[in-house]
Amino acid sequence: MNSPAWTMRRLHSVSAAQIEQLADVLIDCVEGGASVSFMHPLTRERAVAFWRRVAQDVAAGKRALLIAEDAQGVCGTAQLIFDLPENQPHRADLAKMLVHRRARRQGLGAALMQAAESAARDFSKTLLVLDCVTGGDAERLYQRLGWVRVGDIPDYALFPQGGLCSATVYYRNLRP
Ligand SMILES: CC(C)(COP(=O)(O)OP(=O)(O)OC[C@H]1O[C@@H](n2cnc3c(N)ncnc32)[C@H](O)[C@@H]1OP(=O)(O)O)[C@@H](O)C(=O)NCCC(=O)NCCS
């Protein structure tokens with residue numbers, strides 16, 4: 001079996017160069033039509049500002065940030081958000097699962113999900129929650145990996161080029 005074309009790691013601090021590369025991935029996903037909080041066109045300035053805020057949260061222990069790198073730099077990422085109300089210390093939100101279009105359909109999305117679940121266990125989290133565009137590429141991935149579908153919220157957000165999309169909420173119980 002061929003070894004994957006990427007390496008994966010969790011960042012404890014995020015460098016300026018990594019922020020630029022994460023911005024590249026986010027801009028590419030938005031250009032590709034992914035509904036991931038931002039409208040098209042996403043300027044580099046806004047994308048970098050987003051990742052700077054993420055970097056601050058990583059440094060403060062409020063988020064765990066995973067990156068995958070190929071020969072060109074960061075090609076995929078996912079986050080666990082720990083900054084939740086005090087009555088939910090056992091859970092995290094999984095967010096900003098992004099794979100650059102150059103690295104898709106090679107199993108990186110699945111590998112990021114597995115790495116995120118493993119990181120969540122390292123932090124003693126027993127419940128993960130996420131939402132995704134109903135019927136999109138990501139939803140097939142979550143279903144394939146055994147996440148439990150809660151339901152749909154119609155007209156939840158806009159696609160980057162406009163037009164409302166429905167969101168579907170999933171959870172994953174990590175208890176042994
Ligand atoms: C959703 C997303 C993260 C998936 O990333 P990915 O790296 O392409 O995911 P995978 O490679 O694990 O799986 C994608 C597909 O490739 C297929 N695949 C995996 N390895 C493969 C291989 N070696 N050869 C051929 N196909 C392969 C999978 O079976 C899957 O098929 P399907 O879409 O028909 O179900 C990516 O499309 C993305 O970043 N989208 C934009 C951002 C986004 O929407 N993020 C989700 C926010 S909730």
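These questions and replies concern a predicted model and the reasons behind some of the terms used for it.

Me: Why is aspartate 28 called buried or exposed, whichever applies?
Reply: The relative accessibility of aspartate 28 is 8%. Buried means under 20%, so aspartate 28 counts as buried. Aspartate 28 is placed in helix H1, residues 16-31.

Me: What makes the pair of aspartate 28 and arginine 101 a polar contact?
Reply: The side chain of aspartate 28 reaches the backbone nitrogen of arginine 101 at 2.8 Å. The limit for a polar contact is 3.5 Å between N or O atoms, and 2.8 Å is within that limit, so the pair counts.

Me: How do you know whether glutamate 69 is buried or exposed?
Reply: Glutamate 69 has 19% relative accessibility. The cut-off for buried is under 20%, so glutamate 69 counts as buried. Glutamate 69 belongs to strand S2 (residues 63-70). Its C-alpha is 9.7 Å from that of glutamine 21, with the two positions 48 residues apart in sequence numbering.

Me: Why are serine 37 and arginine 105 put in one class, buried or exposed?
Reply: Serine 37 has 63% relative accessibility and arginine 105 has 79%. Exposed means over 50%, so serine 37 counts as exposed, and so does arginine 105. Serine 37 is in the loop between H1 and H2, arginine 105 in the loop between S4 and H3.

Me: What is notable about phi in serine 37 and in arginine 105?
Reply: Most residues other than glycine have a negative phi. Phi of serine 37 is near 90°, a positive value, and phi of arginine 105 is near 60°, also positive.

Me: What kind of peptide bond joins histidine 40 and proline 41?
Reply: The bond is cis, with omega about 0°. Most peptide bonds are trans. Proline 41 lies in the loop between H1 and helix H2 (44-59).

Me: What makes valine 99, arginine 140 and arginine 144 polar contacts of the ligand?
Reply: A polar backbone atom of valine 99 is 2.8 Å from a ligand oxygen. For a polar side-chain atom of arginine 140 the distance to a ligand oxygen is 2.8 Å, and for an N or O atom in the side chain of arginine 144 it is 2.7 Å. The cut-off is 3.5 Å, so these pairs count as polar contacts. Taken alone the ligand exposes 950 Å², of which the protein buries 72%.

Me: Which element gives the most to the shell around the ligand?
Reply: H4 does, with five residues. The shell's residues divide into 10 nonpolar, three polar and five charged.

Definitions and conventions
Residues numbered from 1 in each chain as written. Predicted model: local features only at pLDDT ≥ 70, side-chain atom pairs only at ≥ 80, totals over all residues. Heavy atoms only, no water. Polar contact = N/O pair within 3.5 Å; in protein donor to acceptor, adjacent residues only side chain to side chain. Areas by Shrake-Rupley, 256 points an atom, 1.4 Å probe, with all protein chains shown as cover. Helix = DSSP H or I, 4+ residues; strand = E, 2+ residues; numbered from the N terminus. Nonpolar A, V, L, I, M, F, W, Y, C, P; charged D, E, K, R; others polar. Buried < 20%, exposed > 50% of the residue type's maximum accessible area, 1.4 Å probe, protein only.
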